[in-house]
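User: Could you walk me through reading the pockets and the ligand site here? I'd like the general idea first, then the case at hand.

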Amino acid sequence: MSEALRDKAAALFAERFGEAAEGTVFAPGRVNLIGEHVDYNDGLVLPMPVREGTAIAWSRTEGGDIEAVAADFGEEDRFDAATPARPESVGWTSYVRGMVAEAGIPAGGLRIVITGDLPRGSGLSSSASLCIATGRALAAAAGTDADPVALAKAAQRTEHGWAGVACGIMDQMAVAAGQPGHAMLLDCRDLSYTLVPVPEGWSVAVADSGVTRGLVDGEYNARRAQCENAARALGVESLRDATMEALDAANLPHLEAMRAAHVISEIARTAAAADALRSGDLERFGSLLAEGHISLRDQFEVSVPAVDALVERLQEAIGVQGGARMTGAGFGGSVVTVMARDALERVTAEMGETLRQAF
Ligand code: GLA
């Protein structure tokens, strides 16, 4: 929970620096309900924040250095706030230094202590959470309001330029501008969004497959390139503008055709899911999740057997009032479930493993 985590960051700050922090900030992780691998195709996505996230305790200091402590790793970094250099290998410091460089918020000397409770590699956007928390700490220390869209864009530039992942903008927007208890229907083409409240009687919960994502970045960037090739072959700026009819008529290479079919159908499913959410149609929402998973597994080829098995068991336990699918980039990570609130206890007991509840 964000309050407890902020208190923890403050306590760790006092312990490390022997004085109280001036302030604390928090940024959540996110879970994507549906709209997977479509953000970098200008598509529609439907993520929401989760309870867990990243907290940072901060204080201003004399001089121009930023001293950053990653309390959970027992690691520290120190760099000139005016000229952060790229670390030799990608790690937590890449995100902190990247945000200092990209956010355009004059920071000056700063001490920050970072702690988080998002499982890393579980597809809940721990890196976007770290980036946005860093941006919020910089803004708080500078005494300015952080514009959520500007922070999200800075965080995306950080992923691209400092971590080498050609990600879309979904995670950063969901983390920076999402609201607890609301799904964000985000149009990734122009970043316009509406916050749709999750109906009272629904429960959104996340199950960790236990498979940590490996070799994701290369696979991820390859999928993105395949989508861009497909769009080029179809003569459209992005797959957002492609149709199934045009795809059927186009005779694309097999791989590109499969990737495009996923993207085109997933964008339509996301729009339909947002309607189902608004009208409280849990059964429809659940069947869209099931279709989405099959498409990610068979056409986009980003699932793994352990995740497929977990999705199947969860779908069986949930029944028709709701559903389950892989969430995030894939290759392991988490499964998102949506079900009636009064089914959660029974399903949790049947699964014999912890379902992490979203907001
Ligand atoms: C990762 C990326 C996002 C998005 C998802 C897949 O989380 O960071 O931009 O592409 O994968 O939907």
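Analyst: Gladly! On a 1 Å grid over the protein atoms alone, a pocket is an open set of points where a 1.4 Å probe fits, with protein on both sides within 12 Å along at least five of seven lines; lining residues have an atom within 4 Å of a point. Points are joined across faces, edges and corners, and the volume is the space filled by probe spheres set on them. This is a predicted model, where local features need pLDDT of at least 70 and side-chain atom pairs count only at pLDDT 80 or more, while totals for chains, interfaces and linings use all residues. Residues are numbered from 1 along each chain as its sequence is written, and side-chain values use heavy atoms, leaving out hydrogens and water.

User: How much space lies in the second largest pocket?

Analyst: About 180 Å³. It has 10 lining residues, and Phe26, Pro28, Arg136, Gly178 and Pro180 are the closest to its centre.

User: Which polar contacts does the ligand make with Arg30, Glu36 and Gly168?

Analyst: A polar contact is a pair of N or O atoms within 3.5 Å. Oxygen atoms of the ligand lie 3.0 Å from a side-chain N or O atom of Arg30, 2.6 Å from a polar side-chain atom of Glu36 and 2.9 Å from a backbone N or O atom of Gly168. The protein covers 93% of the 310 Å² of accessible area that the ligand has on its own (Shrake-Rupley method, 1.4 Å probe).

User: Which residues surround the ligand?

Analyst: A residue counts as near if one of its heavy atoms lies within 4 Å. Among them are His37, Asp39, Tyr40 and Tyr220.

Technical notes:
Polar contact = N/O pair within 3.5 Å; in protein donor to acceptor, adjacent residues only side chain to side chain.
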